[in-house]
Protein chains: 2
Amino acid sequence: MLEQFDKAFESRIRLQIMSVLAANESYDFSSLKELLEVTDGNLASHLKALEKEAYIAVNKSFVGRKPNTRYVATEDGIEAFKRHLKSLEKLIKQQK
Amino acid sequence: MLEQFDKAFESRIRLQIMSVLAANESYDFSSLKELLEVTDGNLASHLKALEKEAYIAVNKSFVGRKPNTRYVATEDGIEAFKRHLKSLEKLIKQQK
DNA sequence: AAAAGTACTTTGAATTACAAAGTTATAAAA
DNA sequence: TTTTATAACTTTGTAATTCAAAGTACTTTT
């Protein structure tokens with residue numbers, strides 16, 4: 001029982017953020033906010049936590065003249081996320 | 001993205017406790033403590049959290065003359081746990 | 001009688017989560 | 001041109017969570 005769960009993903013919101021970024025390769029702040037139904041402050045802090053681990057990176061630009069902040073998962077992030085899911089999968093399989 | 005993750009399982013330790021109890025139908029305090037490598041105080045509090053949700057139940061008895069506290073997952077607990085794992089599985093499958 | 005084991009509870013500190021409000025910068029509307 | 005709106009935060013403050021460490025009660029072994 002020495003699964004290596006990643007503390008950074010022990011949160012529904014961060015788990016979902018990574019899930020979205022692993023599947024979409026880039027997603028912007030507003031869309032993420034709508035998708036996850038969280039306040040902007042809350043989302044920002046979870047994003048920052050993942051950024052601190054270097055699991056995601058930020059890309060700021062302008063679309064038209066509006067600021068647009070896009071997030072992408074880093075390679076490290078994808079790897080860590082997959083490792084975490086593997087652990088979860090293993091735990092799930094033990095149930096069957 | 002309206003997965004219904006269960007807050008009670010958003011913790012590596014509680015996730016593992018439920019995993020053990022779903023697979024073993026009963027497990028005692030000391031063995032659980034060794035398996036999960038946690039302090040007894042910490043384990044007790046996680047167990048209590050699961051008990052509060054009625055996801056596990058306690059069974060105190062004596063083995064020889066030694067007190068033996070066994071934990072079992074309740075039906076509700078198993079159900080909630082399975083639901084949670086389904087959500088996780090769904091999230092994992094989205095990745096593939 | 002002293003030491004050790006079981007299963008806790010209590011205490012306290014540190015971290016985390018979250019909502020709400022405030023901030024900065026640009027942009028569209030009146 | 002003053003107001004209003006939007007994006008993406010940051011700050012503030014509170015509440016909840018986590019955990020180790022110490023303490024407790026009871027029993028058993030030495």
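In this predicted model, a polar side-chain atom of A:H46 lies 2.9 Å from a phosphate oxygen of DNA strand C, and that pair is a convenient place to begin. Two further residues of chain A can be read in the same way: a phosphate oxygen of DNA strand C is 3.0 Å from an N or O atom in the side chain of A:T39, while for A:R14 the distance from a polar side-chain atom to a phosphate oxygen of the strand is 3.2 Å.

Widening the view from these pairs to the surroundings of the strand, one finds that 18 residues surround DNA strand C, and that the closest are A:R65, B:S30, B:K60, B:T69 and B:Y71. Of the atoms of DNA strand C that come within 4 Å of the protein, 83% belong to sugar and phosphate. The surface near the strand draws on both chains, with at least two residues each from α1 (12-24) and α3 (40-52) of chain A, and likewise from α2, α3 (40-52) and β3 (66-73) of chain B. Sorted by class, this surface has eight polar residues, five nonpolar ones and five charged ones.

Next comes the contact of the two protein chains with each other, to which chain B gives 25 residues and chain A gives 25 residues. Between them, chain B and chain A bury about 2,100 Å², of which 65% is on carbon and sulfur atoms. On the side of chain B that touches chain A, α1 (12-24), α2 (29-36) and α4 (75-94) of chain B each supply at least two residues, and the residues of that side divide into 14 nonpolar, six charged and five polar. Across this interface the rule finds two residue pairs in polar contact, both at pLDDT 80 or more, whereas the number of salt bridges found there is zero.

Over all chains, however, the count of salt bridges comes to four. In chain A, the side chains of A:D28 and A:R70 meet in a salt bridge, with 3.5 Å from N to O. Because A:D28 lies in strand β1 (residues 27-28) and A:R70 in strand β3 (residues 66-73) of chain A, the pair ties together parts that are 42 residues apart in sequence.

Finally, an unreviewed UniProt entry carries the annotation "domain: Winged helix DNA-binding", which covers residues 13-92 of chain A. Over residues 13-92, chain A is 64% helix and 22% strand, and the C-alpha atoms at the ends are 20 Å apart.

Notes:
Residues are numbered from 1 along each chain as its sequence is written. Chains are lettered from A and ligands numbered from 1 in the order in which they are written. This is a predicted model: local features need pLDDT of at least 70, side-chain atom pairs count only at pLDDT 80 or more; totals for chains, interfaces and linings use all residues. Side-chain values use heavy atoms; hydrogens and water are left out. Contact means heavy atoms within 4.5 Å. Buried area is the accessible area (1.4 Å probe) that two parts lose on being put together, summed over both. A polar contact is a pair of N or O atoms within 3.5 Å; within protein, one must be able to donate a hydrogen and the other to accept it, and residues adjacent in sequence count only if both atoms are side-chain atoms. Helices (H or I, at least four residues) and strands (E, at least two) are DSSP runs, numbered from the N terminus. Ala, Val, Leu, Ile, Met, Phe, Trp, Tyr, Cys and Pro count as nonpolar, Asp, Glu, Lys and Arg as charged, and the others, Gly among them, as polar. A residue is near a molecule or strand if one of its heavy atoms lies within 4 Å of it. UniProt positions are given in the numbering used here, feature names are shortened, and annotations may be inferred rather than shown by experiment.
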